[in-house]
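Work through the exercises below with the sequence and the coordinates at hand. Each task is followed by a solution in steps.

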Amino acid sequence: QSFETTSPTETLAAVGDWLASRDFDALGIASFGPIDPSLTSVTYGYITATPKPGWQNTDVVGTLQGRVSRQVPIRFDTDV
């Protein structure tokens, strides 16, 4: 599935709705960056200082984790 990248609120809501209707054991997210992929960082799962308007300091992992029906392992990486 693919989703148009609009605002963080709209885009992550669409992705979250899609995820909520599915059953899976783990989730891998690939995103434009720069991102924080360090599992031990307080900003793990964030898109950080991106030039993409409106997406600076967006908590992608935390937002999507809150939308899935159960806790699953989530890993975050860049798509390039």
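**Exercise 1. An exposed loop residue**

Decide whether aspartate 25 is buried or exposed, then place it and find what it touches.

Solution. Aspartate 25 has a relative accessible area of 63%. The cut-off for exposed is over 50%, so aspartate 25 is exposed. The model is a predicted one. Next, locate the residue: aspartate 25 sits in the loop between α1 and β1. Then list its contacts, leaving out residues up to four places away in sequence: Arg70, Val72 and Pro73. For proline 73, the separation in sequence is 48 residues, while the C-alpha atoms of aspartate 25 and proline 73 are 7.5 Å apart.

**Exercise 2. The buried side of a helix**

Find which residues of α1 are buried, and what they pack against.

Solution. Start with the extent of the helix. α1 covers residues 8–20, 13 residues in total, and spans 17 Å from first to last C-alpha, close to the expected 18 Å. The buried residues of α1 are Pro8, Thr11, Leu12, Val15, Gly16 and Leu19. They lie on the same side of α1, because they cover an arc of only 130° around the axis. The spacing follows a general rule: an α-helix has 3.6 residues a turn, so residues three or four places apart point the same way. Finally, take the partners: the buried residues of α1 pack against β1 (27–31), β3 (58–59) and α2 (60–65).

**Exercise 3. One residue of that helix**

Describe the surroundings of threonine 11 in α1, including what its side chain reaches.

Solution. Threonine 11 has a relative accessible area of 8%. Buried means under 20%, so threonine 11 is buried. Its side chain reaches the backbone nitrogen of threonine 6 at 2.8 Å. With neighbours within four places in sequence set aside, threonine 11 is in contact with Glu4, Thr5, Thr6 and Trp55.

**Exercise 4. Enclosed and open space**

What is the volume of the largest cavity, and what is that of the largest pocket?

Solution. Take the enclosed space first. The count is one cavity of 30 Å³ or more, and the largest cavity has a volume of about 30 Å³. Its lining consists of Arg22, Asp23, Phe24, Val68, Ser69, Arg70 and Val72. Now turn to the open space. The largest pocket has a volume of about 420 Å³. Of its 20 lining residues, Phe3, Val15, Ile29, Ala30 and Ser31 are the closest to the centre. The elements that contribute two or more residues to this lining are α1, β1 and α2.

**Exercise 5. Backbone geometry in the loops**

Which residues does a cis peptide bond join, and which residue has a positive phi although it is not a glycine?

Solution. For the peptide bond, look at omega: a value of about 5° marks the cis bond that joins glycine 33 and proline 34. Proline 34 belongs to the loop between β1 and β2. For phi, the residue is asparagine 57, with about 55°. Asparagine 57 lies in the loop between β2 and β3, and at 57% relative accessibility it counts as exposed. Proline 53 is found in the loop between β2 (46–47) and β3; at 69% relative accessibility, proline 53 counts as exposed. As a last step, take a distance from proline 53: its C-alpha is separated by 25 Å from that of leucine 39, 14 residues apart along the chain.

Technical notes:
Residues numbered from 1 in each chain as written. Predicted model: local features only at pLDDT ≥ 70, side-chain atom pairs only at ≥ 80, totals over all residues. Heavy atoms only, no water. Helix = DSSP H or I, 4+ residues; strand = E, 2+ residues; numbered from the N terminus. Expected span 1.5 Å × (residues − 1). Buried < 20%, exposed > 50% of the residue type's maximum accessible area, 1.4 Å probe, protein only. Arc of directions from axis to C-beta. Contact = heavy atoms within 4.5 Å. Polar contact = N/O pair within 3.5 Å; in protein donor to acceptor, adjacent residues only side chain to side chain. 1 Å grid on protein atoms, 1.4 Å probe; cavity = no way out; pocket = protein on both sides within 12 Å on 5 of 7 lines; lining within 4 Å. Points joined across faces, edges and corners; volume = space filled by probe spheres on them.
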